[in-house]
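Trainee: Before I go back to the bench, could we go through this structure together, one question at a time?

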Amino acid sequence: MFKKNILCIGAGYVGGPTMAVIARHCPEYQVVVVDINHDRIMRWNSDNLPIFEPGLDEIVSAVRGRNLFFRTDVDEQIDGADIIFVSVNTPTKTFGLGAGKAADLQFWEITARQILKNSSKPKIVVEKSTLPVRTAAAIGRILDSNEKKIHFEIVSNPEFLAEGSAIRDLETPDRVLIGARETDSGQAALKEVVDIYKHWVPEEKILTSSVWSSELSKLVANAFLAQRVSSINSISALCEKTNADIEEVAKAVGMDSRIGPKFLKAGLGFGGSCFKKDILNLTYIAENYGLSEVARYWEQVLEINSYQQRRFVDIIIKQMFNTIVGKKIAIFGFAFKADTGDTRESPAINVCRGLLDEKAQLAIHDPKALDGAAKDLEEYAGQFILESDPYSAASKAHAIVIATDWSQFVSLDYARIFETMEKPAFIFDGRNLLDHRKLYQIGFSVHRIGRPPLSKL
Ligand code: UDX
Ligand code: ADP
């Protein structure tokens, strides 16, 4: 018999790793993860997990079948649970009111109604997915609308994990944030959730707040991170005009302890499932409350992000003699960042589309994200190939574009690659990843972000 039963609805990027870590540290709790997606659950129960995350395989194989279970019978699992984490997807709405900005809450609402329908006793419902501020109130109204008079307490516990470092972020978080109502039942629920994390997180890192502050903090943390990336990228454009070097500027600025060195790496802009969605959410909320200046301020973070990608494509075309029609270009990296197979909102998508619209022929190589690339570019089928070998991708290409900061790209044999390419051979390093001087010595014409080009042309 387990001391407590935890259920997580939604076995995605957030739900899967989070529950695996909870199960590992809380052996006396049963942790069940359910999803309507049968394939996903089948993979969680196999050796081929549905997401790639360093360290995840080891944890799952240690606890799966002990106190961690992956299942598809969502309805049946609900009533046995004391605490239900909800980590279903909340994409940006693509239709109707708030299309392109507001969060689409249909999956959340369906889940709330499922919980209500299948419950016969009180439960704590924890918001794990990123949600617009005040969602808890709306969800609370659905759950409270029951004739069974069951009490549901809603707690907000946003996830701050980043892909590629999810396990580290879960094991040693900067902070865990838990928001609950001020009422006695709210505070009792808060304690229950705090007790889970206390198994491995030092108490001073567990922050408690109101539900609204917790919901808003999640959006704001992501907006601030994205804002830093856009800030440095906006300056990279200025560096290119003035011959200043963005790496030097970022270092000088980041050494001010009030600013700090992280998230100041110029590149092709941010991707991933959170930043854009959360800023759209923030601007939508601001607009709804009549704060249009606030909304415009944050929209600009997104505008600079798209601008950075458009700018990069323009540089490639211009440097390659204003035409790339029929030219083979090797794309190194398609994931939105290194160490993940995720391509959601990847800058590589816009860069590739820009090049494909100019009728280039792309050979795309990525260690983990080729399936995603095929889907994201399906309307261009026939204009690109997927290559599992970087050397084949670059063979006979006119240019290499570095679109993701995979560390393995640094140690490739670029002298060998150079030999097999058309001349002049270009490298456009969208992540300022490679050793540019060395590449220049080999014979490449090297273009980078926010730094003077190294080119004989
Ligand atoms: C982010 C947040 O970090 C995490 O706390 C939140 O829970 C979810 O969103 P994630 O999207 O996984 O995590 O990736 P992150 O490491 O934050 O990077 C986001 C994007 O910004 C990537 O495309 C990355 O390449 C880019 N980036 C990051 C830069 O271009 N420069 C930087 O200096 C840092
Ligand atoms: P995140 O990055 O927030 O974890 P994902 O899209 O990776 O988002 O995962 C969300 C998961 O939630 C998906 O696997 C989806 O099938 C699942 N899901 C959505 N609605 C429901 C539901 N009503 N019941 C169970 N699972 C659901």
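The exchange below concerns a predicted model and goes from the overall fold to single residues.

Trainee: How many helices and strands are there in the protein, and how does its radius of gyration stand against the globule rule?
Mentor: The protein has 17 helices and 14 strands. For 457 residues the globule rule gives 23 Å, and the computed value is close to that, so the protein is as compact as a globular protein of that length. The C-alpha atoms fill a box of roughly 75 × 50 × 45 Å along the principal axes, and the radius of gyration is 24 Å.

Trainee: What share of the residues of the protein counts as buried?
Mentor: A residue is called buried here if 20 or more other C-beta atoms lie within 10 Å of its own. Applied to the 457 residues of the protein, that criterion gives a buried share of 46%.

Trainee: Which element gives the most to the side of domain 1 that touches domain 2?
Mentor: The domain assignment gives domain 1 (4-209) and domain 2 (210-457), and their contact takes 26 residues from domain 1 and 27 residues from domain 2. On the side of domain 1, the elements that give two or more residues are helix H6 (135-144), strand E6 (152-156) and strand E7 (176-179). By class, that side has 14 nonpolar, eight polar and four charged residues. The element that gives the most, with three residues, is E7.

Trainee: Which helix gives the most to the shell around ligand 1?
Mentor: Ligand 1 has 19 residues around it, of which Ala162, Lys265, Phe270, Gly272 and Cys274 come nearest. The shell draws at least three residues from each of domain 1 (4-209) and domain 2 (210-457), and by class it has eleven nonpolar, four polar and four charged residues. With three residues, the helix that gives the most is H9 (residues 211-242).

Trainee: And around ligand 2, which helix supplies the largest share of the shell?
Mentor: Here 22 residues surround the ligand, and the closest are Gly10, Gly12, Tyr13, Val14 and Asn89. The shell around ligand 2 divides into ten nonpolar, ten polar and two charged residues. The largest share, four residues, comes from helix H5 (residues 106-118).

Trainee: Why do the buried residues of H3 line one face of the helix, and what do they pack against?
Mentor: In helix H3 (residues 56-63), the buried residues are Ile59, Val60 and Val63. Seen down the axis of H3, these buried residues fall within an arc of 95 degrees, so they line one face of the helix. The face turned away from that buried side carries the exposed residues Glu58 and Ser61. The buried residues of H3 pack against helix H1 (15-25), strand E3 (68-71) and helix H7 (166-171).

Trainee: Is Val33 buried or exposed?
Mentor: Val33 has its place in strand E2 (residues 29-34). Not counting residues up to four places away in sequence, Val33 touches Cys8, Ala11, Gly15, Gly16, Met19 and Phe70. Since the cut-off for a buried residue is 20 or more other C-beta atoms within 10 Å, and Val33 has 28 such atoms, Val33 is buried.

Trainee: Which residue in the loop between helix H12 (292-319) and strand E9 (328-332) has 11 other C-beta atoms within 10 Å?
Mentor: Two residues are worth going through in this loop, Phe321 and Asn322. Phi of Phe321 is near 65 degrees, a positive value in a residue other than glycine, and phi of Asn322 is likewise positive, near 65 degrees. Asn322 counts as exposed with 8 C-beta neighbours inside 10 Å, whereas the exposed residue with 11 is Phe321.

Trainee: Which residues does the cis peptide bond with omega about -5 degrees join?
Mentor: Most residues other than glycine have a negative phi, and most peptide bonds are trans. The cis bond leads to a proline, Pro424, which lies in the loop between helix H16 (414-420) and strand E13 (426-429). The residues that this bond joins are Lys423 and Pro424.

Notes. Residues are numbered from 1 along each chain as its sequence is written. Chains are lettered from A and ligands numbered from 1 in the order in which they are written. This is a predicted model: local features need pLDDT of at least 70, side-chain atom pairs count only at pLDDT 80 or more; totals for chains, interfaces and linings use all residues. A residue is near a molecule or strand if its C-beta atom, placed from the backbone, lies within 6 Å of it. Ala, Val, Leu, Ile, Met, Phe, Trp, Tyr, Cys and Pro count as nonpolar, Asp, Glu, Lys and Arg as charged, and the others, Gly among them, as polar. Domain bounds come from an automatic or database domain assignment. A residue is buried if 20 or more other C-beta atoms lie within 10 Å of its own, exposed if 12 or fewer, and partly exposed in between; C-beta atoms are placed from the backbone. The arc is that of the directions from the helix axis to the C-beta atoms. Two residues are in contact if their C-beta atoms, placed from the backbone, lie within 7 Å. The radius of gyration is taken over C-alpha atoms; the globule rule is 2.2 Å times the number of residues to the power 0.38.
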